[in-house]
Amino acid sequence: VRRLKNTIESVRNFDSVNFSAVKLKTLLELDHVSTRTIQRRLNDMDIYHLNTRQKGIMTKKDKQLRIKFAKKCLALIGDELWLNRISFYYDGVTFYHKKDPFSEAIAPRAKIWRKRSEGLYFSRKGKKEGNNGRQVKLFVAIAYHKGVIMCEQWDPQTSFLGVHYKQFVLNNFPTALENSNNPQNKLILQDGCPVQKSKQAQMAYDDLGVKIFSIPARSPDINPIENIFLIVRKNLADSAKNNIIKKESYTDFAERVKATVWNVSADVIDITIDSLPRRMKMVVKKKG
C-alpha cells in the first residue's frame, strides 16, 4: 500500500492524473499480484474507479481562501446574503452541438481512479466537454423566488472581447435586475471569469450601479447556478434519449438548450439557494 501511494503521487505529478490498475502493477513490478488485488488495495485507500467530474482539484491556497470566504460570510453577512440581499446569481455556460444527440446521450462516461472528493486535474473549473461541435454560449441569471430571469445567447467569437461584453451588460442587466429578487440592492454573484471582471465590464457595472460579489476560484459548489447547469445538461440528455433525437440542426439545438434552461423549476432553484448557508458551514468544517 505504501508503494501504491508513492507511485500514484508520482504518476499524477509527472505523467497523468489518470492511471489504470494494470499500469500501477507494471510500474511496481508486481507480476505475482493480481490486478484485482491492486484494485482492492486502491479501494482500501478510498480510491475508486468513478466517473470524471467537472471540478478541478483544489490547491492548498484554494482551500485557505475558501475557508476565509466562508468564515466572512458566516460572521459578517449571515443567511440573508444568499436569500434576500443578492439580486441574482449569474454565469456563462457553453453547450456543444452534436449532430447525433441520442448517441451522445447514451454513450458511457469516461471513468478514472480517484477519491470521491476529487476532480480530474488542476484547472479553473475542471474538465470541459471538448471542442467537437459548434458552441451555444449562454449567459444565464437565476434569482431567489424568481427562477430563471435571464438566458441570452452570446456569440462565442466575441466571448473575450470586453467592449462587446460591456454592451451586453448595458443591454441585458437592467431587465434582469428589474425581474430579480432585490432590484434595489443591485448585488450580483458571479465567479472570477476574466471577461466578467475586465475594465470594460467594470465600466458597465458602474454605469448601472451594479455591485459584484465574487466567489473564490475552483468553487462551483458555492455558486448555485452551477447546480442548475448540471440539471440542464441532464435534462438535455434525457430529452435526446426519450425523444430519440438522432439528428438535430445547430439552430434547433440552440432553441432546445434555451427552452431547457427556462424550464428549470423555480422551486428547485430556491432549494439550491437555501442550501448555501449550510454549504458555508461545511466548507469551514471540512477545512476548505
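1. Is L236 buried or exposed? With a relative accessible area of 8%, L236 is buried, because anything under 20% counts as such. Keep in mind while reading that this is a predicted model.

2. Staying with that leucine: L236 sits in helix α9, which runs over residues 224-242. Once its neighbours within four places in sequence are set aside, L236 is in contact with F95, R256, V257 and T260. If you want to place it against the end of the numbering you see above, try G288: L236 and G288 are 52 residues apart along the chain, and their C-alpha atoms are separated by 32 Å.

3. Now for a lysine. K111 lies in strand β3, residues 111-114. K111 counts as partly exposed because its relative accessibility is 44%, and that class covers the range between the under 20% of buried and the over 50% of exposed. So the two residues fall into separate classes: L236 is buried, whereas K111 is partly exposed.

4. What does K111 touch, leaving aside its neighbours within four places in sequence? The partners are N18, H49, L50, N51 and T52. For a distance to check in your viewer, take K111 and N171: they are 60 residues apart in sequence and 42 Å apart in space, C-alpha to C-alpha.

5. Next, a helix pair. Helix α11 (residues 266-274) and helix α12 (residues 276-285) have axes that come within 5 Å and cross at roughly 35°. On the α11 side the contact is made by T272, I273 and D274, and on the α12 side by L276, P277, R278 and R279. Sorted by class, that contact has three nonpolar, one polar and three charged residues.

6. Stepping back to the protein chain as a whole, I count on twelve helices and seven strands for its secondary structure. Its C-alpha trace spans about 70 × 50 × 35 Å along the principal axes. Of the 288 residues in the chain, 47% are buried, and L236 is one of the buried residues.

7. On contacts across the sequence: take those in the protein chain between residues at least 6 apart, and 78% of them join residues at least 24 apart.

8. Last, surface and charge. The protein chain has an accessible surface of about 15800 Å², and carbon and sulfur atoms account for 50% of that. The chain carries 52 positive and 29 negative charges, and the mean positions of the two sets are 7 Å apart.

Note on methods:
Residues numbered from 1 in each chain as written. Predicted model: local features only at pLDDT ≥ 70, side-chain atom pairs only at ≥ 80, totals over all residues. Heavy atoms only, no water. Axes fitted to C-alpha atoms, helices over the stretch in contact; angles between N-to-C directions. Helix = DSSP H or I, 4+ residues; strand = E, 2+ residues; numbered from the N terminus. Contact = heavy atoms within 4.5 Å. Nonpolar A, V, L, I, M, F, W, Y, C, P; charged D, E, K, R; others polar. Buried < 20%, exposed > 50% of the residue type's maximum accessible area, 1.4 Å probe, protein only. Areas by Shrake-Rupley, 256 points an atom, 1.4 Å probe, with all protein chains shown as cover. Lys, Arg positive; Asp, Glu negative; His and termini not counted. Charge placed at Lys NZ, Arg CZ, Asp CG, Glu CD.
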